[in-house]
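Student: Could you take me closely through one part of this model, namely its aromatic pairs, and then carry on to the helix packing beside them?

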Amino acid sequence: MKTATQPAIVPLFQAFSDGYRVQIVELLRDRELCACDIAKALGITQSKLSFHLKTLREVGLIEGRQEGRWIYYRLNLQQFIVLEQYISEFRRFSPILPARTCPD
């Protein structure tokens, strides 16, 4: 059973395909953080961080707000709800059928 949300899910999973991006999401789990704090926690340069933040913003997993010269990032929980609903459909609607017998 394919769902209507499937095309929207692919970029979300691609965003999680990098370890730095997963770490950024983990850092933002509890609170909003400044880009400088994220870079320091990860031990990476601002330019490298910018690439990963851009990727996460483009798929809507994080949001930013500017305050002075700094941007503060937080999770966009709506996108996590989309992921959660997609994954939960496997548990609810996907029977595990036995494999068909392959012809010799």
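Tutor: What follows goes through the aromatic pairs, then one leucine and its contacts, and then the crossing of two helices.

Please keep in mind that this is a predicted model. The count of aromatic pairs comes to 2. One of them joins Phe13 and Tyr86, whose ring centres are 6.1 Å apart and whose planes stand at 65° to each other, and the pair is classed as edge-to-face, since planes over 60 degrees apart count that way. Phe13 belongs to helix H1, residues 6-15, whereas Tyr86 belongs to helix H5, residues 77-93, so this pair ties together parts that lie 73 residues apart in sequence. The two partners can also be described by their accessibility: Phe13 is partly exposed, with a relative accessible area of 39%, while Tyr86, at 13%, counts as buried, because the limit for that word is under 20%.

The other pair is made by Phe16 and Phe80, and it too is edge-to-face, with 6.3 Å from centre to centre and 75° between the planes. Here Phe16 sits in the loop between H1 and helix H2 (19-27), and Phe80 sits in helix H5, so the pair ties together parts that are 64 residues apart in sequence. Phe16 is partly exposed at a relative accessible area of 26%, and Phe80, at 21%, counts as partly exposed as well.

From the rings we can turn to Leu56, which lies in helix H4, residues 46-58. With a relative accessibility of 0%, Leu56 counts as buried. If its neighbours within four places in sequence are set aside, Leu56 is in contact with Ala15, Arg21, Ile24, Val25, Leu61 and Ile62. By contrast, Glu67 follows 11 residues away in sequence from Leu56, yet their C-alpha atoms are 20 Å apart in space.

Ile24, one of the contacts of Leu56, also takes part in the meeting of H2 with helix H3. There, Tyr20, Gln23, Ile24 and Leu27 of H2 meet Ile38, Ala41 and Leu42 of H3. Sorted by character, the residues of this contact divide into 6 nonpolar and 1 polar, with no charged residue. Two packed helices are described by the angle between their axes and the distance between the axes. For H2 and H3, the latter spanning residues 35-42, the axes come within 11 Å and cross at roughly 120°. The two helices are therefore oblique to each other, and the crossing of H2 and H3 is right-handed.

Conventions:
Residues are numbered from 1 along each chain as its sequence is written. This is a predicted model: local features need pLDDT of at least 70, side-chain atom pairs count only at pLDDT 80 or more; totals for chains, interfaces and linings use all residues. Side-chain values use heavy atoms; hydrogens and water are left out. Rings of Phe, Tyr and Trp (its six-membered ring) pair if their centres lie within 6.5 Å; planes under 30 degrees apart count as stacked, over 60 as edge-to-face and the rest as tilted. Helices (H or I, at least four residues) and strands (E, at least two) are DSSP runs, numbered from the N terminus. Buried means under 20% relative accessible area, exposed over 50%, partly exposed in between (1.4 Å probe, protein chains only). Contact means heavy atoms within 4.5 Å. Axes are lines fitted to C-alpha atoms, for helices over the stretch in contact, and angles run from 0 to 180 degrees between N-to-C directions. Angles under 35 degrees count as roughly parallel, over 145 as roughly antiparallel, 65 to 115 as roughly perpendicular and the rest as oblique. A crossing is left-handed if the near helix is turned anticlockwise from the far one by less than a right angle, and right-handed if clockwise. Ala, Val, Leu, Ile, Met, Phe, Trp, Tyr, Cys and Pro count as nonpolar, Asp, Glu, Lys and Arg as charged, and the others, Gly among them, as polar.
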